[in-house]
Amino acid sequence: QVQLQESGPGLVKPSQTLSLTCTVSGGSITTSYYYWSWIRQPPGKGLEWMGAIAYDGSTYYSPSLKSHTSISRDTSKNQFSLQLSSVTPEDTAVYYCARVGLGYDYDYWGQGTQVTVSS
């Protein structure tokens with residue numbers, strides 16, 4: 001059973017960088033052909049895909065967020081991370097990490113972590 005767990009600060013000041021880590025257990029982030037995504041849900045809004053990192057380390061970003069988003073990984077810790085720079089209050093959301101399965105569906109999700117951007 002694959003498990004994902006998000007971690008990071010719950011409060012970030014405007015203009016700072018939001019950094020989150022997803023720790024994966026029960027499966028390797030380097031296993032072909034899985035993709036590991038970051039998704040967020042602002043209050044009262046739908047889910048927004050932010051980007052993903054593939055089993056081979058390739059990265060993919062939402063065009064609307066690409067300019068200030070970075071996804072990386074640490075294979076020794078079986079973790080992947082999100083950095084969102086120059087945040088504003090509009091980046092307040094519940095942030096999720098999830099795995100894209102072989103059927104191109106999200107088959108495993110983290111529980112989500114609330115991040116609030118406020119001074």
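## A nonpolar patch, a core and three salt bridges

Leu47, Trp49, Tyr60, Tyr106 and Trp109 together make a nonpolar surface patch of about 490 Å². Keep in mind as you look around that this is a predicted model. One member of the patch, Trp109, belongs to strand E10. With a relative accessible area of 35%, Trp109 falls in the partly exposed class, because that class runs from 20% to 50%.

**Inside the fold**

Let us turn from the surface to the interior. The largest nonpolar core holds 24 residues, and Leu18, Trp36, Trp38, Phe80 and Tyr95 have the most contacts inside it. At least two residues of this core come from each of strand E3 (18-25), strand E4 (35-41), strand E5 (48-54), E8, strand E9 (93-100) and E11. The top contributor is E3, which gives 4 residues.

**The salt bridges**

How many salt bridges does a search of the whole structure find? The search finds 3, and they are set out here with the distance between the N and O atoms.

| Basic residue | Acidic residue | N to O distance |
|---|---|---|
| Arg40 | Glu48 | 2.7 Å |
| Arg40 | Asp91 | 2.8 Å |
| Arg99 | Asp107 | 2.6 Å |

Why is the pair of Arg40 and Asp91 one that ties together parts far along the sequence, 51 residues apart? Arg40 sits in strand E4, while Asp91 sits in the loop between E8 and E9, so their salt bridge links these two parts of the chain. Are these two partners buried or exposed? Arg40 has a relative accessibility of 5% and counts as buried. Asp91, at 6%, is buried too, because the cut-off for that class is under 20%. Glu48, the other partner of Arg40, is partly exposed, with a relative accessible area of 23%.

The remaining pair is Arg99 with Asp107. Arg99 counts as buried at 8% relative accessibility, whereas Asp107 reaches 29% and counts as partly exposed. Shared partners join Arg40, Glu48 and Asp91 into one salt-bridge network.

**A hairpin**

Strand E7 (residues 69-74) and strand E8 (residues 79-84) run antiparallel, and 6 bridges join them. Asp74 has Gln79 in E8 as its bridge partner. Between the two strands of this hairpin there are 4 residues, and Asn78 takes a positive phi near 55°. E8 also appeared above, as one of the strands that each supply at least two residues of the core.

**A loop residue at the surface**

Where is Gln111 found? Gln111 is part of the loop between strand E10 (106-109) and strand E11 (113-117). Its relative accessibility is 62%, so Gln111 counts as exposed, the cut-off for that class being over 50%. Which residues does Gln111 touch, once those up to four places away in sequence are left out? They are Leu4, Gln5, Glu6 and Tyr96. Lys66 offers another reference point: Gln111 and Lys66 are 45 residues apart in sequence, and their C-alpha atoms are 24 Å apart in space.

For a last look, strand E10 leads back to the start of this tour: Trp109 lies in E10 and is one of the residues that make the nonpolar patch.

Definitions and conventions:
Residues are numbered from 1 along each chain as its sequence is written. This is a predicted model: local features need pLDDT of at least 70, side-chain atom pairs count only at pLDDT 80 or more; totals for chains, interfaces and linings use all residues. Side-chain values use heavy atoms; hydrogens and water are left out. Two strands pair if DSSP finds at least two bridges between them. Buried means under 20% relative accessible area, exposed over 50%, partly exposed in between (1.4 Å probe, protein chains only). Contact means heavy atoms within 4.5 Å. Patches are made of residues with over 30% relative accessible area and no salt bridge: like charges are joined within 9 Å, nonpolar side chains (Val, Leu, Ile, Met, Phe, Trp, Tyr) within 5 Å. Accessible areas come from the Shrake-Rupley method with a 1.4 Å probe; for residues, only the protein chains shown count as cover. A salt bridge is a side-chain nitrogen of Lys or Arg within 4 Å of a carboxyl oxygen of Asp or Glu. A nonpolar core is a set of buried Ala, Val, Leu, Ile, Met, Phe, Trp, Tyr and Cys residues joined through side-chain atoms within 4.5 Å.
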